[in-house]
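Student: Please take a close look at a single part of this model, the part around one polar side chain. I should then like to see how that part fits into the chain as a whole.

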Amino acid sequence: MYGIGSRFEIDATLLDVGCVAESDRRRYVGRPTLYVVIDVYSKMIVGIYLGYQSASWQTARLAIRNIVEDKVKYCSRFGLSIAQDEWPVKGILPTRILADRGEFEGYKATDFV
């Protein structure tokens with residue numbers, strides 16, 4: 001069956017942005033990695049993760065965990081107010097998750113299943 005929630009794709013990108021510490025703007029902290037999980041059918045972003053860790057199985061899991069989170073509560077942690085219908089994704093997992101040959105290859109991905 002092919003439709004909403006049948007297949008998600010995940011990928012990571014090292015952002016071309018240098019970040020500095022909030023407490024000391026002269027201290028460089030690094031470049032963040034952004035994970036995005038997209039529903040292939042609807043093209044909706046269903047999960048994200050942004051952090052300073054390199055792309056890895058552990059950080060990919062954080063993006064996958066975000067899929068099931070209540071997005072209203074998630075956004076409120078960052079001071080953003082949204083209505084449930086603005087990002088109506090929570091508590092679901094897809095039939096398939098597609099990824100490149102990076103983090104999802106090997107025994108860690110098998111353990112996830």
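Tutor: A polar contact is a pair of N or O atoms within 3.5 Å; within protein, one atom must be able to donate a hydrogen and the other to accept it, and residues adjacent in sequence count only if both atoms are side-chain atoms. The model is predicted, so that local features need pLDDT of at least 70 and side-chain atom pairs count only at pLDDT 80 or more, while totals for chains, interfaces and linings use all residues. Residues are numbered from 1 along each chain as its sequence is written, and side-chain values use heavy atoms, with hydrogens and water left out.

The part chosen is Asp39, which is found in strand β4; strands (E, at least two residues) and helices (H or I, at least four) are DSSP runs numbered from the N terminus. The side chain of Asp39 reaches two backbone nitrogens: that of Gly5 at 2.8 Å and that of Ser42 at 2.7 Å. Asp39 counts as buried because its relative accessibility is 1%, where buried means under 20% relative accessible area, exposed over 50%, and partly exposed in between (1.4 Å probe, protein chains only). Beyond its neighbours within four places in sequence, Asp39 is in contact (heavy atoms within 4.5 Å) with Gly3, Ile4, Gly5, Ser6, Arg7, Phe8, Met44 and Val46. Leu14, by comparison, is 25 residues from Asp39 in sequence and 21 Å from it in space, C-alpha to C-alpha.

In the loop between β4 and β5 lies Lys43. Its phi is near 70 degrees, a positive value in a residue other than glycine. Most residues other than glycine have a negative phi. Lys43 is exposed, at 59% relative accessible area, whereas Asp39 is buried.

Val46 links this region to other parts of the chain. Leaving aside neighbours within four places, Val46 touches Asp39 and Phe8, as well as Val37, Ile38, Asn66, Ile67, Lys71, Trp87 and Val89. Of these partners, Asn66 belongs to helix α1 and counts as buried because its relative accessibility is 0%. The side chain of Asn66 makes a polar contact of 3.1 Å with the side chain of Glu69. Outside its sequence neighbourhood of four places, Asn66 is in contact with Val46, Gly47, Ile48, Lys71 and Tyr74.

Val46 is also one of the residues with the most contacts inside the largest nonpolar core, together with Ile10, Tyr35, Val37, Ala63, Ile67 and Phe104; this core has 16 residues. Such a core is a set of buried Ala, Val, Leu, Ile, Met, Phe, Trp, Tyr and Cys residues joined through side-chain atoms within 4.5 Å. Two or more of its residues come from each of β1 (7–14), β4 (33–39), β5 (45–51), α1 (57–68) and α2 (71–76). Helix α1 gives the largest share, 5 residues. In soluble globular proteins, nonpolar side chains tend to be buried together.

As for the whole, the protein chain contains 3 helices and 6 strands, in the order β-β-β-β-β-α-α-β-α from the N terminus. Of its 113 residues, 32% are buried. Among contacts between residues at least 6 apart in sequence, 48% join residues at least 24 apart. The C-alpha atoms fill a box of roughly 55 × 40 × 20 Å, taken along the principal axes.
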